[in-house]
Every structure is written in C-alpha cells, then in structure tokens.
Amino acid sequence: MQKKLRVGILGATGMVGQRFISLLENHPWFEVVTVAASERSAGKTYEAAVGGRWKMTTPMPEAVKKLIVSNVNEVEKVASTVDFVFSAVDMTKDEIRAIEEAYAKTETPVVSNNSAHRWTPDVPMVVPEINADHFEVIKYQKERLGTKRGFIAVKPNCSIQSYAPVLTAWKEFEPYEVVATTYQAISGAGKTFKDWPEMVENIIPYIGGEEEKSEQEPLRIWGHIENGVIVKAEEPKITCQCIRVPVLNGHTAAVFVKFRKQPTKEQLIEKLESFKGFPQEHNLPSAPKQFIQYLTEDNRPQVKLDVDYENGMGISVGRLREDSIYDWKFVGLSHNTVRGAAGGAVLCAESLVEMGYIEAK
C-alpha cells in the first residue's frame, strides 16, 4: 500500500476505542487521524479527554495524545477527514444504528464493534476466517442506503470467538447440538478491577443479553446470502450460559458437541491446526499465522499463559475428550478485547481493503 488510509475512531475514549488506538499504533495500512467521542470530550486533546481512564497495559501512543477530540455527532465534519471509521460508540442501540447509517451515507465505510447492526439483514457480520464471503451483501446494502462507497460492516460478539471457529473447523463432521458455558472477563463490560472491585474473588451468573447472542450469532455467521440479505443457518442448535468471572482479559468456553458423523480425536485436532481462511491466504497484517492452536497439556488453555497467543488474535483449544452423553467436549479461550472486539474489527477492515471495498476517498 503506497499511502496509509486515514482512519477515524468513533467512541475513541472508551475501552474498546482505546484498544483500537493501541492496536493501530504503527499499523502498516492505517493511520489514526481523527478521534471522536461525546460532546463532553470534544475540544480537548485525546490525552486530556481520557485523563486517568487509560485502561491499556501499554502506554498511550504519542501520535494520538495531542489529537483534538471531535464531537461524534458532527457527522459530516468527522467524515470529511477520513477514508473510513471504526465505531465503538457507547449509545443506545437505536442511536448507534442511526449514527452508523449517517456516517455510511457520507460515503464513509463504517467497521463497527457494536451490536446494533448485527441483525440488520444486509449488514455483514464477519469473522474473516469463517465468512469473508458475506461481505458480498454490501452491494445490496449500498442500494438501500443510496451510496457508492459508504456501508456498514460489523464483527460478532466477543463471547462466541472461543468456540464458533472451532465448530467451523469441524463442519464436515456435521455438529448438530452444542452446549456451551462461557466464563467471561470483566473487560468485556469495559471494566477493570479498579472500576469494579466487587468482581474481585467473585462470580456473577448473569450478563445481560449475552446468552442469546452466544446462541444465535454463530448461526448468522454460518448462514448464506439469499435475495440480498443474510439468511442464518439452522444448525447446530446451541444452548449457552454466560458467567462473569474475576479475570481481566480472556473469555473461556467449556463446550459439549454432538456430531452426525463420528470423527476421531486425531481428525478433530488436525482440522483445528490446519484451519485457515481469507486473512491467512492473503497474509493480512493482523492475521494470526495459525488461527487455532491445540494444547495437549491437561491444564491448558489458561488465561495467564495463553490469552495473548498470536498477539491476542488466535484461539487456544485444549481438553478435547470423549463425553458420556455428548460425543466430544473441549475448552476454548480467546482474547475478548483483541480478537473479540477491536482486533477482530481491524482484521475485518484489512479484509475489506484487500477485497476493494475500502479505499482512499
């Protein structure tokens, strides 16, 4: 790429916005030129607007400290400065849907971390290794919006990343019934232990809306395009419980699977280790070289040891064993704010650039 694309981050002061900032430091294709947030942050430098709320373990990049925060609601003004935007705004779902469409209608592609458009029929919801072909629905979305280059694309919920890729790798064995329990980190709620002291040494067996997302979003990812919209898959049927645990980063899933065909353990592991998709085939900058690793030790994957596998963009799987009621069971782990949030969106944007959907204005 000759010249870096100019990127804006909507909702730049929140935790996911900060993760975008840190991941895009020294990115070979993208340069953050605009940061936008609520009216109360607008007009301040990014450093002053964030203040003591910088939640990343790495320091705030020098390149963004002195950027003046724009008002995210001044859509035309923000859009005029960038080639595309990442969206991590903290608003109601209706407000998010409206503002993301408003940016798209300025002919600015929107790659969103938010859930508001995940079920909009002509908006692709993509894990690039699994369903990059769903980006083809963008042409129908542009017809609806009346745009030439503006559109919205989203990534799915962080909770499904530790098991949906695994089930995809095993597709030829026809998984048809899945029981999953996810053990989800507090950063998934945009919190640290300092913000949320009651989570120390605690478990909360409820995360609002999360179980439905965990059960339904994989089916949309495994769906197909028909008459200009995404039609979700019928199987596998998934039932899920989602539990908040005292971990900062890393969502773990304990999963039971029934298959129509009977694979061996060796076949299942081989499919995991050889699984790749569009990002690996095109050697995209943020793509993990090996998307899924299988760990043979009985006590892996562990958050402390494995959450940063492939810079947080890979999935770790272990404890694959036969089950007395289901066929097989395993434990999966993914980094919820890297692969599960900002990093997954960055990989979507890289895929969209590679496919020609995003280019310089």
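A search of the whole structure, which is a predicted model, finds 17 salt bridges. Three of them are set out below.

| Salt bridge | Closest N to O distance |
|---|---|
| Glu47 – Lys66 | 2.9 Å |
| Asp122 – Arg144 | 2.6 Å |
| Glu177 – Lys258 | 3.7 Å |

The side chains of Glu47 and Lys66 meet in a salt bridge. This pair links distant parts of the chain: Glu47 sits in helix H2, while Lys66 belongs to the loop between helix H3 and strand E3, 19 residues apart. Glu47 counts as partly exposed because its relative accessibility is 31%. Lys66, at 60%, counts as exposed, the cut-off for that being over 50%.

Asp122 and Arg144 also meet through their side chains. Asp122 is in the loop between strand E5 and helix H6 and Arg144 is in helix H7, so the pair ties together parts that are 22 residues apart in sequence. Asp122 has 8% relative accessibility and therefore counts as buried, since buried means under 20%. Arg144 is partly exposed at 41%. Together with Glu101, these two residues are linked in a network of salt bridges.

Glu177 forms a salt bridge with Lys258. Glu177 lies in strand E7 and Lys258 in strand E11, so this pair ties together parts 81 residues apart in sequence. Glu177 has a relative accessible area of 28% and is partly exposed.

Now the chain as a whole. The chain has 43 positive and 48 negative side chains, and the centres of the two sets lie 3 Å apart. There are 13 helices and 14 strands. The radius of gyration is 20 Å, close to the 21 Å that the globule rule gives for 361 residues, so the chain is as compact as a globular protein of that length. Of these 361 residues, 59% count as buried.

Technical notes:
Residues numbered from 1 in each chain as written. Predicted model: local features only at pLDDT ≥ 70, side-chain atom pairs only at ≥ 80, totals over all residues. Heavy atoms only, no water. Helix = DSSP H or I, 4+ residues; strand = E, 2+ residues; numbered from the N terminus. Rg over C-alpha atoms; globule rule 2.2 N^0.38 Å. Buried < 20%, exposed > 50% of the residue type's maximum accessible area, 1.4 Å probe, protein only. Lys, Arg positive; Asp, Glu negative; His and termini not counted. Charge placed at Lys NZ, Arg CZ, Asp CG, Glu CD. Salt bridge = Lys/Arg side-chain N within 4 Å of Asp/Glu carboxyl O.
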